[in-house]
Amino acid sequence: EGFSSVKFFLSLYRFQACVYFASVFQAMSCGIHYLASVFMAVTPNFVCGFPGNVSSVLFHNSSASSIEDIWTLWTSTENYIVVQLENREIWELDQCSRSKREGSLDLAYEYEGNKSVFPCSDGFLYDDTKWKSTVVTQWDLVCDREWLAKLIQPTFMLGVLVGAVIFGDIADRLGRQRVIWFTSAGQFVFGIAVAFTFDYYSFVIVRFLLAMVSSGYLVVAFVYVTEFVGIKARTWASMHVHAFFAMGVMIVALVGFLVRTWWVYQIFLSIATLPFVLCCWMLPETPFWLLSEERYEDAQKVIDTMARWNKVSTPCKVSELCSVQQDDLASGRTGDNDTSSTKKHNILDLFCNWQIARRTITVWLIWFTGSLGYYVFSLSSVSLGGNEYLNLFLIGAVELPCYIIACLAMDKLGRRNTLIPFLILSALICVLIMFIPQDFNILIILANMAGKFSIGVAFGLIYLYTAELYPTIVRSLAVGSGSMMCRVGSVVAPFCVYLRSVWIFMPLLLVGIMALLSGILTIMLPETLGKPLTNTLVEATEMGRNKKSCSEKTPPAHSGAALEKIEMFGQERVSTDK
């Protein structure tokens, strides 16, 4: 595994390596902001506040002079605390209400007499032994305002969806470089601004904007690096973008362990993006985009810079590149009588016949399941018991080897033959976790890591597999629609995690069912390993029916020398997002 990774890095020239590592470094900040809420929006133990100064506190058979001494004994949300005030009044403090005992001056835990029930008009008292401050304690997002706390992560993921759509389109219009500049600066500015928001609604709005620029960066950075690294390293390059995202998750765990005040925690997380913000202006525009915009002089400057860095004595000339592309386009037009390539295509073309429609439904389901499982395992890791910081760190760390396994398996076993076992394995792991006793914390954590590993392999593989399953005329449409289903899954995932309050295993059950269904349906998909990319819907349909005829088809001819020259600039653009 390690040798394959080394081989990938050695395959990059000096210029491409610098651009690649500078770009994917910022992908860590996306992982940071996507999972920051697991500690920022945590709800500690709490009870209703009381009107006055306390003289003594009683919890079951234990007494203390302050409520802070009682939190270590707190075991259930159904518990209540009895306090006696300096004016001799005795109050029972529940989580969302408080009761004043009438006609009793004896401090006892059990009381059967008359009580007057009051709302929590004096605020709440929070357990600050673990977290000094969270957004929940800052704005009292508990009891009848609890639903506001539960909207923090879904609204962020909604911003992820919107940002991916907006910045993906802007990058095609204005260029990758400008969008990378703007989204990088935006992550730093909005990340710091979140820490200084003055109320819940401004907090959610700024976090929504932060989600948009984080998502926009991840989408455009993926396109940016794939347009620089070339065809041979594209698979490994795309997978390692995900790996840096996972490193961001690990940083969240580390900073969460060291900093227990939410706004300071947010500032420290945002500072991680500062080094890239200071140097991202040096990143060049991709020659591929410059050529598509007919900015030939600018493209030649970038190519010459690449040649100097890579010590190439005879750099490629834009004039030669343009003539090669024009010849290829001309030969493609004369060699193909199918007029469908000039037709404008829409989402309905992904359902043009039963074969393609079944393929589309299955692919969408895999995208949705991969995203749902990824975030369910990540967000619920802090609730597994034991050390929640270590749990999240391990859940992020397990992604690093999973992407290496995915790259190796998809090239050795095939895309479908890798996807099926890992989807079914993740479903089986979800079922297995349900039968592990709750006091076996280490075993539960290891099983969740295995589940995250399995779903991570499937999630990383589906990007490339989708692009290979569809013909050129609808390939971008297919990957784009799949990415939308992925983001829908990320919006649904937080709500799925909240179902733990209904039944602790409900999120795992839902992920397991979806993964099993996806794995079974994947059996009907064709294998694409070693097969040429299809160009028409007819060819794509036949790929699923007749393996032999499909494998004998060849893509439009390119001369070997020309293909070498346009390898870096002529590849197709595929957008992705966590």
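Of the 578 residues of the protein chain in this predicted model, 54% count as buried. The chain exposes about 25200 Å² in total, and carbon and sulfur atoms supply 63% of that area. Its secondary structure comprises 24 helices and 8 strands. Among the contacts between residues at least 6 apart in sequence, 76% join residues that are at least 24 apart.

**Two helices**

Helix α7, which covers residues 176–195, has 20 residues and reaches 29 Å from its first C-alpha to its last, close to the 28 Å expected at 1.5 Å a residue. The buried residues of α7 are R176, Q177, V179, I180, T183, S184, G186, Q187, G191, V194 and A195. These buried residues pack against several other helices, namely α2 (14–35), α6 (152–174), α8 (200–229), α10 (262–271), α11 (274–279) and α12 (287–292).

A view from the other side of this packing is given by Q26, which is found in helix α2. Q26 counts as buried because its relative accessible area is 1%. Leaving aside its neighbours within four places in sequence, Q26 is in contact with S184, Q187, Y217, T273 and F276; S184 and Q187 are among the buried residues of α7.

Helix α17, made up of residues 399–412, has 14 residues and reaches 20 Å from its first C-alpha to its last, close to the 20 Å expected at 1.5 Å a residue. In α17 the residues E399, C402, Y403, I404, A406, C407, A409 and M410 are buried. Just after α17, G414 takes a positive phi of about 110°.

**Salt bridges**

The structure holds 9 salt bridges, and the table gives some of them.

| Salt bridge | Closest N to O distance |
|---|---|
| E92 and R101 | 2.9 Å |
| D411 and R415 | 3.3 Å |
| E468 and R415 | 2.8 Å |

R415 forms a salt bridge with D411 and also with E468. E468 lies in helix α19 (residues 441–469) and R415 in helix α18 (residues 415–434), so this pair ties together parts that are 53 residues apart in sequence. Both E468 and R415 are buried, and for R415 the relative accessible area is 7%. D411, by contrast, counts as partly exposed, because its relative accessibility is 39%.

Elsewhere, the side chains of E92 and R101 meet in a salt bridge, and both of these residues are buried. The two do not stand alone, since E92, R101 and K115 are linked in a network of salt bridges.

**Aromatic pairs**

A search of the whole structure finds 21 aromatic pairs. One of them is formed by F46 and F124, whose rings lie 5.8 Å apart from centre to centre with 80° between the planes, an edge-to-face arrangement. F46 lies in strand β1 (residues 46–48) and F124 in strand β8 (residues 124–126), so the pair ties together parts that are 78 residues apart in sequence. Both F46 and F124 are buried.

W139 and F203 form another aromatic pair, which is tilted, with 5.6 Å from centre to centre and 55° between the planes. This pair links distant parts of the chain, 64 residues apart, with W139 in the loop between α4 (135–138) and α5 (146–150) and F203 in helix α8. W139 counts as buried because its relative accessibility is 13%, and F203 is likewise buried, with a relative accessible area of 1%.

Ring pairs also link a set of residues into a cluster, which consists of Y34, F156, F245, Y374, Y375 and F459.

**A nonpolar patch on the surface**

On the surface, L499, V502, W503, I504 and L510 form a nonpolar patch, and together these residues have about 400 Å² of accessible area. L499 is found in the loop between α20 (475–498) and α21 (506–522). With a relative accessibility of 30%, L499 counts as partly exposed, because that class lies between the buried residues, under 20%, and the exposed ones, over 50%.

Terms used. Residues numbered from 1 in each chain as written. Predicted model: local features only at pLDDT ≥ 70, side-chain atom pairs only at ≥ 80, totals over all residues. Heavy atoms only, no water. Helix = DSSP H or I, 4+ residues; strand = E, 2+ residues; numbered from the N terminus. Expected span 1.5 Å × (residues − 1). Buried < 20%, exposed > 50% of the residue type's maximum accessible area, 1.4 Å probe, protein only. Contact = heavy atoms within 4.5 Å. Patch = residues over 30% accessible without salt bridge, like charges linked within 9 Å, V, L, I, M, F, W, Y side chains within 5 Å. Areas by Shrake-Rupley, 256 points an atom, 1.4 Å probe, with all protein chains shown as cover. Salt bridge = Lys/Arg side-chain N within 4 Å of Asp/Glu carboxyl O. Phe/Tyr/Trp six-rings, centres within 6.5 Å; stacked < 30°, edge-to-face > 60°.
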